[in-house]
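Q: I am new to this structure and would like a close look at one part of it, the salt bridges. Could you walk me through them, slowly and in plain words?

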Amino acid sequence: MTEEEVRGWVLGRVPDSWFVGPPEVESADDEILIVGALDDSDLVETAGGQAVAAARAARIQRFRAETREQRMRIAQEAERRFGRKVAWGVTIAGERTLFTTLSVPVMTRLRLPERQVLDTLVQAGVARSRSEALAWCVRLVGKHESEWIRELRDALVLVNELRRRGPA
């Protein structure tokens, strides 16, 4: 299944009433992440300051509780169909909150200079372990090189399409 097929299936299954528009669908080899935007326009009009922040947090909790059964049913269908776990999240006022997502171990071999970077982050209290420090580094690269990574992903989609259409 291509990423577009996964996205199309998800858009067809997720109720229109859940989000302020179509949800974002991200997929990897082992996980599909569905993130939708929640409406908070009524909160901004009726509350101010800290009350808005508290109301947004409550709206996220309410959405998570009220949709849990149906989200799990959709996730189970997707897992059977695509062979990948499904995770959910929401955005509200530009803040992203992810519900349970996979934490997948990745084997890597690092030389001394790379291990020293991770150990420095642990010793400085930035991370609790080398694993957490490595995840922190990956997030930082993703944040600062997001455009380049997006271009690289787009190029990979084209390469995979060409391979699919190529000789058997």
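A: Let's start with E77, which is partly exposed at 24% relative accessibility. Here, buried means under 20% relative accessible area, exposed means over 50%, and partly exposed is anything in between, using a 1.4 Å probe and protein chains only. Keep in mind that this is a predicted model, in which local features need pLDDT of at least 70 and side-chain atom pairs count only at pLDDT 80 or more, while totals for chains, interfaces and linings use all residues. Residues are numbered from 1 along each chain as its sequence is written, and side-chain values use heavy atoms, with hydrogens and water left out.

The partner of E77 is R13, and the closest N and O atoms of this salt bridge are 2.8 Å apart. The term salt bridge stands for a side-chain nitrogen of Lys or Arg within 4 Å of a carboxyl oxygen of Asp or Glu. E77 sits in helix α3 (residues 50-82) and R13 in helix α1 (residues 3-13), so this pair ties together parts that are 64 residues apart in sequence. Helices are DSSP runs of H or I with at least four residues, strands are runs of E with at least two, and both are numbered from the N terminus. Like its partner, R13 is partly exposed, at 27%.

Next comes a pair formed by R59 and D42, whose closest N and O atoms are 2.9 Å apart. This salt bridge also links distant parts of the chain, with R59 in helix α3 and D42 in helix α2 (residues 41-46), 17 residues apart. The two ends differ in their surroundings: R59 is buried, with a relative accessible area of 15%, whereas D42 is partly exposed at 35%.

For another pair, look at R128 and E132, whose side chains meet in a salt bridge at 3.0 Å, N to O. R128 is exposed, with a relative accessible area of 72%, while E132 is partly exposed at 25%. Elsewhere, E24, E26 and R96 are joined into one network by salt bridges that share partners. Across the whole structure, a search finds 12 salt bridges.

R96 also turns up next to T91, a residue of strand β3 (residues 85-92). Leaving aside residues up to four places away in sequence, T91 touches V35, G36, A37, L38 and R96, where contact means heavy atoms within 4.5 Å. T91 is buried, with a relative accessible area of 16%.
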